Amino acid sequence: MISSIKNTPSPCFASPDFLPKKRFLPTRLNFSPLPIIQNSTFNNSFSADKPLHISSTDNFTFSPKQLKTQCNAYEADRSRPLDLNIEVLEEQTRFEASHKIKIGIYFAAWWALNVVFNIYNKKVLNAFPYPWLTSTLSLACGSLMMLISWATRIADAPKTDLDFWKTLFPVAVAHTIGHVAATVSMSKVAVSFTHIIKSGEPAFSVLVSRFLLGEAFPLAVYASLLPIIGGCALAAVTELNFNLTGFMGAMISNLAFVFRNIFSKKGMKGNSVSGMNYYACLSMMSLLILTPFALAVEGPHMWAVGWQTALAQIGPNFVWWVAAQSIFYHLYNQVSYMSLDQISPLTFSIGNTMKRISVIVSSIIIFHTPVRPINALGAAIAILGTFLYSQAKM
C-alpha cells in the first residue's frame with residue numbers, strides 16, 4: 001500500500017524555463033478526508049491499474065530554486081474503510097435506537113401514570129364522593145405545576161396570541177365536560193366498567209364525523225364498530241354493580257372527547273405550541289370554565305362536611321390520595337400529549353388501547369372487582385374492536 005510519495009527533483013530541473021505556467025493536477029484524483037496512513041516501510045513499487053486517492057498535500061509550492069511536492073495517497077482496493085460513511089451510518093443507527101427507547105419510555109410512563117391516577121382517583125372518590133371538586137383539583141394542580149415550570153424556566157413558556165385562546169376555547173369546553181363526566185362515572189361504578197364503556201369512543205367518533213361532518217369511511221371502519229358496540233353492550237348488561245349514572249357519565253365522556261379531538265385538529269393547524277404547553281393551556285382554560293360550575297353543583301359546605309368525614313375515616317393518608325390523584329392526572333395527560341409529537345396517530349391509538357387494558361386489569365386486581373366470565377368476554381371483544389378500528393382507520 002502506498003502511504004506517502006515524496007518527489008524532490010534534482011537542481012537541473014529547477015530552472016524557470018522548466019516550471020509550468022499553471023499548477024496542474026490529474027483530473028481523476030479523488031480527495032478524501034481520511035487521515036494519513038503511516039507505514040514503517042516504504043514500497044517503491046505500485047500498480048498503475050490501482051487508482052490512487054489523495055488524502056492530503058503538504059508543501060505543494062513552486063520556487064525557482066526548488067520544487068518540492070509531497071503527496072500522501074492510498075490504493076483504492078487496499079484502503080481503509082470509509083470512516084466518514086461508517087460514522088454517518090452509526091450516528092443514524094444510534095439516533096433510531098435512541099428514538100425507540102424514547103418512545104418506549106413515553107409509553108411506559110403514560111401507562112404507569114394512568115394506572116396510578118385511576119387507583120388514587122377511585123380511592124378518593126370512595127371516601128369523598130364529590131367528583132366536581134375532585135375534577136377541579138386535578139386541573140388546578142396541573143395548572144399550578146406548569147406555571148411554576150414556566151416561572152423557573154424549567155420549561156419554555158408558549159408564545160400565544162388572542163387567536164390561539166379563541167380556538168382553544170371550544171376544545172377546553174369539550175375537555176371539561178369529558179373530564180367531569182368520566183369522574184362522575186368512576187364515582188358510581190368500578191374503574192374497569194368505566195374504561196370498558198370508554199373503549200367505545202371510536203364508535204362515537206365515526207358517527208359524529210359521518211353525520212355531522214359528512215366524512216366518509218371505508219367499509220372496514222364501519223365493520224370494526226360492530227365488536228366495539230357489541231362488546232360494550234355485553235359488558236354493560238352483565239355488570240354486577242351496574243349504575244345508570246355511571247354508565248351515562250362514561251357515554252357522555254366519550255362524546256365530549258370526540259368533539260375535543262375534532263376541535264383540537266382544527267385548532268392545532270399551523271400552531272407551533274408544543275404538546276406539553278398545549279395541554280397546559282388547555283388545563284388552565286378548563287379550570288376557569290369548571291370552577292363556577294363546581295361551586296354551583298356541590299359548593300363549599302358539602303365539600304367541608306365531606307372532607308371532615310373522609311379525614312375521620314381514612315386519616316392523614318387521605319390528603320396524600322388527593323394530592324397524588326391530582327398530580328398523576330396532569331402527568332399522564334401531559335406525557336400523552338408529548339408522545340403525540342413523537343409518534344404517528346396509529347401508534348398512539350394502539351398505545352391508548354394497551355393503556356386501557358392495563359388500567360382495567362390493574363383495577364380489577366387492586367380493588368378485587370368481581371367479574372363474570374361473560375362480562376370479561378364483553379370487555380375483550382370491545383377492546384379488540386378498538387384495536388381493529390385503529391388498524392382500519394389508518
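**Figure 1. The end of helix α8 in the predicted model.** G299 comes after α8 and has a positive phi, near 90 degrees. Helix α8 itself covers residues 275-297, 23 residues in total. From its first C-alpha to its last it reaches 32 Å, close to the 33 Å expected at 1.5 Å a residue.

**Figure 2. The bend in α8 at L290.** The helix changes direction here by about 30 degrees. Within four residues after L290 there is a proline, P292.

**Figure 3. The contact of α2 with α8.** Helix α2 is formed by residues 131-151. Its axis and that of α8 come within 8 Å and cross at roughly 145 degrees. The crossing of α2 with α8 is left-handed. Of the residues in this contact, 15 are nonpolar and 7 are polar, with no charged ones.

**Figure 4. R153, a residue with positive phi in the loop between α2 and α3.** Most residues other than glycine have a negative phi. R153 is not a glycine, yet its phi is positive, about 60 degrees. Helix α3, on the other side of this loop, spans 162-188. R153 is exposed, because its relative accessible area of 72% lies over the 50% cut-off.

**Figure 5. H368, in the loop between α11 and α12.** The flanking helices are α11 (345-367) and α12 (373-393). H368 has a positive phi of about 55 degrees and is not a glycine. Its relative accessible area is 67%, so H368 counts as exposed.

Notes: Residues numbered from 1 in each chain as written. Predicted model: local features only at pLDDT ≥ 70, side-chain atom pairs only at ≥ 80, totals over all residues. Heavy atoms only, no water. Helix = DSSP H or I, 4+ residues; strand = E, 2+ residues; numbered from the N terminus. Expected span 1.5 Å × (residues − 1). Bend = angle between axes of the 7 residues up to and from the residue. Axes fitted to C-alpha atoms, helices over the stretch in contact; angles between N-to-C directions. Left-handed = near helix turned anticlockwise from the far one by under 90°. Nonpolar A, V, L, I, M, F, W, Y, C, P; charged D, E, K, R; others polar. Buried < 20%, exposed > 50% of the residue type's maximum accessible area, 1.4 Å probe, protein only.
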